[in-house]
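Trainee: Hi, could you walk me through a structure I haven't met before?
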Amino acid sequence: MKALIESIVMSLVDHPESVVVTEQEEDAKVVYHLTVHESDVGKVIGKNGRIAKAIRTVVYAAKTNRDKRIYLDIM
Amino acid sequence: MKEITASGQTVEQAVKSALEQLNTTRDQVKIDIIDEGKKGLLGVFGSKLAVVKVTMIKDPIKTGEEFILDVTAKMNVPVQVSTVKDEDTRTLTFNLEGEKMGMLIGKRGQTLNALQYLVHLVVNKNSENHFSVIVDAEGYRDRRKASLDSLAHKMAEKALYLQRKVALEPMPAFERKIIHQMLQSDDRISTYSDGQEPHRHIVIVPSQSK
């Protein structure tokens, strides 16, 4: 899952080396925190959050066998 | 995207040196001249080196296919991709085939549409030649077109029967276009789109109503 987020985001940004995804497991869900280079923020959020929404849709579709809900947090 | 800045006595030499470093050929790069350089007096005093920025251009088909294969593999939905390029409409159609396509399509194609949007961004990133991108999975786009077809006609009949406007559910732009085109020839009704993305939707109005 982490690898999936990294793959998508790294293909979108200008500074792939600054992409950091951290995984944080909570009771009912797994939260993935995404940070990117300052100048790339717009490239992962997009106009009206359109890109962020597309990333989330694809990531949420890739459910693992773990039954926990996943949540993608973009900093 | 690989890019490199190189310098040389002349622009020509700078480019040549950059191409050597990138181990590529001229038709696969974009060249920006940062400084033309100056010969200077006797080639020594006041001379300035020419500086160029050379950026590798990746083949859009290859870029798109690599992205799709990478993402789907990490979603545990392995696929095969075949790509069709239409030079006239500048459209790239990526056809995906595999076992768990339903998972990749999602409800009303929302996952496929999201993937299509991401592929569109990746393919057109840093590229001057814009391409339209279609990502299709096992003929989903055709099947969807057929169901939009019947939906459009059903809703047009409803608008006529009720003699009032009928709003459809929100759809992405390319799906609205299909419905607009479908109903264009029917002069008993007219269609328009209302609302802001991503809630933009089609409204069908009977022609003679106020």
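Mentor: Happy to; we'll take confidence, one helix and then rings.
Mentor: This is a predicted model, where local features need pLDDT of at least 70, side-chain atom pairs count only at pLDDT 80 or more, and totals for chains, interfaces and linings use all residues. Residues are numbered from 1 along each chain as its sequence is written, chains are lettered from A and ligands numbered from 1 in the order in which they are written, and side-chain values use heavy atoms, leaving out hydrogens and water.

Trainee: What's the mean pLDDT of chain A?
Mentor: The mean is 85, and 89% of chain A's residues reach 70 or more; pLDDT is the predictor's confidence in each residue, from 0 to 100.

Trainee: Now helix α6 of chain B: how many residues does it have?
Mentor: Twelve, residues 173-184. Helices here are DSSP runs of H or I, at least four residues, and strands are E runs of at least two, numbered from the N terminus.

Trainee: Which residues of α6(B) are buried?
Mentor: Glu175(B), Arg176(B), Ile178(B), Ile179(B), Met182(B) and Leu183(B). Buried means under 20% relative accessible area, exposed over 50%, partly exposed in between (1.4 Å probe, protein chains only).

Trainee: Why are they on the same side of α6(B)?
Mentor: Because they cover an arc of only 150 degrees around the axis, taken from the directions from the helix axis to the C-beta atoms.

Trainee: And what does the face turned away carry?
Mentor: The exposed residues Lys177(B) and Gln184(B).

Trainee: Switching topic, what lies over the face of Phe131(B)?
Mentor: Arg90(B), at 4.3 Å from the ring centre. Likewise, Arg50(A) lies over Tyr117(B), at 4.0 Å from the ring centre. A charge counts as over a ring if NZ of Lys or CZ of Arg is within 6 Å of the ring centre and within 35 degrees of the ring normal.

Key: The expected span of a helix is 1.5 Å times one less than its number of residues.
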